[in-house]
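Hi everyone, thanks for coming. I'd like to walk you through a structure that is probably new to most of you, so let's have a look at it together.

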Amino acid sequence: TMPSALVSTPASLVPLARRSGAARRVRTGAHASSRGALGSSARLSSPGASIASPRGFLALDRAMPATTPSTRRRATRSGVAVRAADGDAAPAASTGGPKINLPTALTLVRVAAVPLVTVIFYMQGAWVAPTCCAIFVLAAVTDWLDGYLARKMNLVSSFGAFLDPVADKLMVAAALVLLCTKTAAGVSAISMAAPATIIIGREITMSAIREWAAAAGGEAHKAVAVNSFGKWKTATQLVALSVLLGVRDGCEWLGLAGAAADALVTGGVWCLYASAGLALLSLWIYMAGVVKYMT
């Protein structure tokens with residue numbers, strides 16, 4: 001009767017029987033692996049056991065857990081996680097925006113001074129030129145002060161590092177454009193436009209170079225570190241712009257007249273040309289440092 005029962009078994013139960021048999025074989029293999037592992041542990045713990053014994057290796061091999069599709073998927077996910085940790089870092093989590101500390105507040109004041117100087121520059125009165133000069137000098141002082149306080153008080157922030165050069169370039173570019181539209185007595189527009197174009201063009205080019213170097217990273221990024229010529233360029237242009245803003249309507253408020261007044265105006269113009277020359281020199285040095293990393 002048994003053969004006939006097997007023949008009469010519905011076809012739908014055949015896969016179920018096969019899966020049941022496979023499950024029994026897996027359980028039998030697992031029990032055998034457990035016994036092999038226990039035996040291997042006992043042999044390895046005995047003083048006379050030889051690790052190099054073929055039977056020992058066979059037992060260890062049997063003791064290794066069998067891999068299933070689910071364990072392989074978990075291992076794959078773990079490997080991906082490790083590779084992601086070793087590779088590029090994940091984007092920084094949001095911190096709720098920048099914190100406005102004292103150095104950053106000084107930088108923001110410098111940014112706010114740009115439209116203020118622009119409005120005052122075209123007003124009428126003997127107070128206009130001295131006021132524009134004073135605002136620009138205070139902005140130049142805060143340019144040094146905010147960096148000093150950030151380092152001294154350990155308040156260096158990524159927002160401050162981003163905003164500081166932006167504020168500097170805004171102040172310098174605005175002052176150059178204003179002086180091109182209304183120059184000091186005895187100073188032609190072309191004599192102001194030439195260095196202004198060089199300085200502003202250099203700043204635009206340097207911004208592009210620094211952005212490329214930051215994306216390239218490595219030695220290319222190190223090649224655009226601030227050099228001494230760049231610092232001298234900044235110092236000379238701040239002096240030149242402060243003088244030219246102050247003497248736009250004359251030097252009477254300084255108590256100067258005649259040759260002394262002319263010498264001050266000429267000195268401001270030549271200082272601006274010196275700044276333009278240093279701008280070109282520093283740009284050449286930066287370009288020479290990074291062009292070898294470009295393709």
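Before we start, one term: a nonpolar patch here is made of residues with over 30% relative accessible area and no salt bridge, whose nonpolar side chains are joined within 5 Å. Please also keep in mind that this is a predicted model.

With that in hand, which residues make a nonpolar surface patch of about 400 Å²? They are Phe-229, Leu-281, Trp-284 and Ile-285. Helix H11, residues 259–290, provides the largest share of the patch, with three residues. Trp-284 sits in this helix. Is Trp-284 buried or exposed? Its relative accessibility is 64%, so Trp-284 counts as exposed.

Now let's step back to the overall picture. The protein has eleven helices and zero strands. Of its 295 residues, 28% count as buried. If we take the contacts between residues at least 6 apart in sequence, 75% of them join residues at least 24 apart. On the outside, the protein exposes about 18,500 Å², and carbon and sulfur atoms supply 69% of that area.

Let's go inside next. The largest nonpolar core has 35 residues, and the members that touch the most others are Phe-136, Leu-176, Leu-179, Leu-241 and Leu-272. Which helices each supply at least two residues of this core? They are H5 (102–121), H6 (128–152), H7 (158–181), H8 (189–216), H10 (228–246) and H11. The most comes from H7, which gives seven residues.

Leu-176 is a nice place to zoom in. Setting aside neighbours within four places in sequence, Leu-176 is in contact with Ala-196, Ile-199, Ile-200, Leu-241 and Leu-272. Apart from this core there is another one, of seven residues, including Ile-209, Ala-213, Val-224 and Leu-283.

Finally, a quick check on H6. At 1.5 Å a residue, the 25 residues of H6 should span 36 Å, and the C-alpha atoms at its ends are indeed 36 Å apart, so the two values agree. And what follows H6? There we find Asn-154, with a positive phi, in the loop between H6 and H7. Its phi is near 55°, a positive value in a residue other than glycine. Asn-154 is also exposed, because its relative accessible area is 67%, and the cut-off for exposed is over 50%.

That's my tour; I'm happy to go back to any part of it.

Terms used
Residues are numbered from 1 along each chain as its sequence is written. This is a predicted model: local features need pLDDT of at least 70, side-chain atom pairs count only at pLDDT 80 or more; totals for chains, interfaces and linings use all residues. Side-chain values use heavy atoms; hydrogens and water are left out. Patches are made of residues with over 30% relative accessible area and no salt bridge: like charges are joined within 9 Å, nonpolar side chains (Val, Leu, Ile, Met, Phe, Trp, Tyr) within 5 Å. Accessible areas come from the Shrake-Rupley method with a 1.4 Å probe; for residues, only the protein chains shown count as cover. A salt bridge is a side-chain nitrogen of Lys or Arg within 4 Å of a carboxyl oxygen of Asp or Glu. Helices (H or I, at least four residues) and strands (E, at least two) are DSSP runs, numbered from the N terminus. Buried means under 20% relative accessible area, exposed over 50%, partly exposed in between (1.4 Å probe, protein chains only). A nonpolar core is a set of buried Ala, Val, Leu, Ile, Met, Phe, Trp, Tyr and Cys residues joined through side-chain atoms within 4.5 Å. Contact means heavy atoms within 4.5 Å. The expected span of a helix is 1.5 Å times one less than its number of residues.
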